[in-house]
Amino acid sequence: MTEKEKMYEQLHKLYLSCDDDISKINEELDEIGRQSRSIVIKTINGNRYYYEQWRDGDSTKSRNLGRVEPGVISEIESRSERRKELLHKYTELKSLRNRLEKECIQLKKEIAKVEPEEYSFEVYYKNEISARVSVRKSKVHVSRYIIHPINQLFCSDTITRNQLNEIFKLRCFDENRYDAPDKLRAMGLSEYNPQKIVRITHGVSYNDYLWFRFPGEKLRAEDVLVRDEYARGRIRQ
């Protein structure tokens, strides 16, 4: 998983969490009412009464809450304070969710640019074709020409893109090695992306004779392999 994919995953989790919190706030506001109401005291025939007032279109409505006595409107006051708190939190969460949504959309576009929906490449064992791989959206189709545990990277004719990415990672240097940032800079990359790395390195390893050839490349094993006999140019096949 690339840094951008990790970031997208984290932001998307935050987005879903915000969405969930907003839903809970909406449920509570539906219970206690969304409209702000004010409390006033009116004197009628020498007696003081609490009244709750609110706007209804162009008119103002009110209801009598009873005579003014300590604690008579405590529940209504608590509900009013809770309403203010929820509305404030709702505004903040909605703003955060909108920002996260925009960032997720942007990251998704950038991730899509990093890895094209459709592409193909060939895998060679020395100069013998081992497999031809066709990536089509979420599916990866593999035509295997060598069925051998050492000379073949694939165990199936169909795999997922995630499985392919794991294979790419096995053909790359360790993401956490101390000089990884230097190696990426030398390749002209700003982040660890296995698919981009193998396009540059051809997936070459010191441990075997497998390598990748991408469309348009006129290469042979002698041009890319790093095992001693190839590096010294002693073998021509």
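Which residue lies over the face of Tyr-209? That residue is Lys-126, found at 4.6 Å from the ring centre. A charge counts as sitting over a ring if NZ of Lys or CZ of Arg is within 6 Å of the ring centre and within 35 degrees of the ring normal. Arg-199 does the job for Tyr-119, at 5.4 Å from the ring centre.

A quick word on the ground rules. The model is predicted, so local features need pLDDT of at least 70 and side-chain atom pairs count only at pLDDT 80 or more, while totals for chains, interfaces and linings use all residues. Residues are numbered from 1 along each chain as its sequence is written, and side-chain values use heavy atoms, with hydrogens and water left out.

Now for the rings. A pair of aromatic rings is described by the distance of the centres and the angle of the planes. Rings of Phe, Tyr and Trp (its six-membered ring) pair if their centres lie within 6.5 Å; planes under 30 degrees apart are stacked, over 60 edge-to-face, and the rest tilted. The structure holds nine such pairs. One of them, Phe-121 with Phe-168, is tilted, at 5.6 Å centre to centre and 45 degrees between the planes. Phe-121 belongs to strand β4 (residues 118-125) and Phe-168 to helix α3 (residues 161-170), so this pair ties together parts 47 residues apart in sequence. Helices (H or I, at least four residues) and strands (E, at least two) are DSSP runs, numbered from the N terminus. Phe-121 also pairs with Phe-214: the centres are 5.3 Å apart and the planes at 35 degrees, so this pair is tilted. Phe-214 sits in the loop between β8 (210-213) and α6 (221-224), 93 residues from Phe-121. Tyr-119, Phe-121, Phe-168, Phe-212 and Phe-214 form one aromatic cluster.

Buried means under 20% relative accessible area, exposed over 50%, and partly exposed in between (1.4 Å probe, protein chains only). Phe-121 is buried at 1%, Phe-168 is buried at 1%, and Phe-214 is buried at 2%.

Strand β5 (residues 128-136) is home to Ser-130, which is buried with a relative accessible area of 0%. Leaving aside neighbours within four places in sequence, Ser-130 has contacts (heavy atoms within 4.5 Å) that include Tyr-125, Arg-144, Asn-151 and Leu-210. Ile-129 lies in β5 too, but counts as partly exposed at 26% relative accessibility. Ile-129 and Phe-212 are 83 residues apart in sequence and 9.7 Å apart in space, C-alpha to C-alpha.
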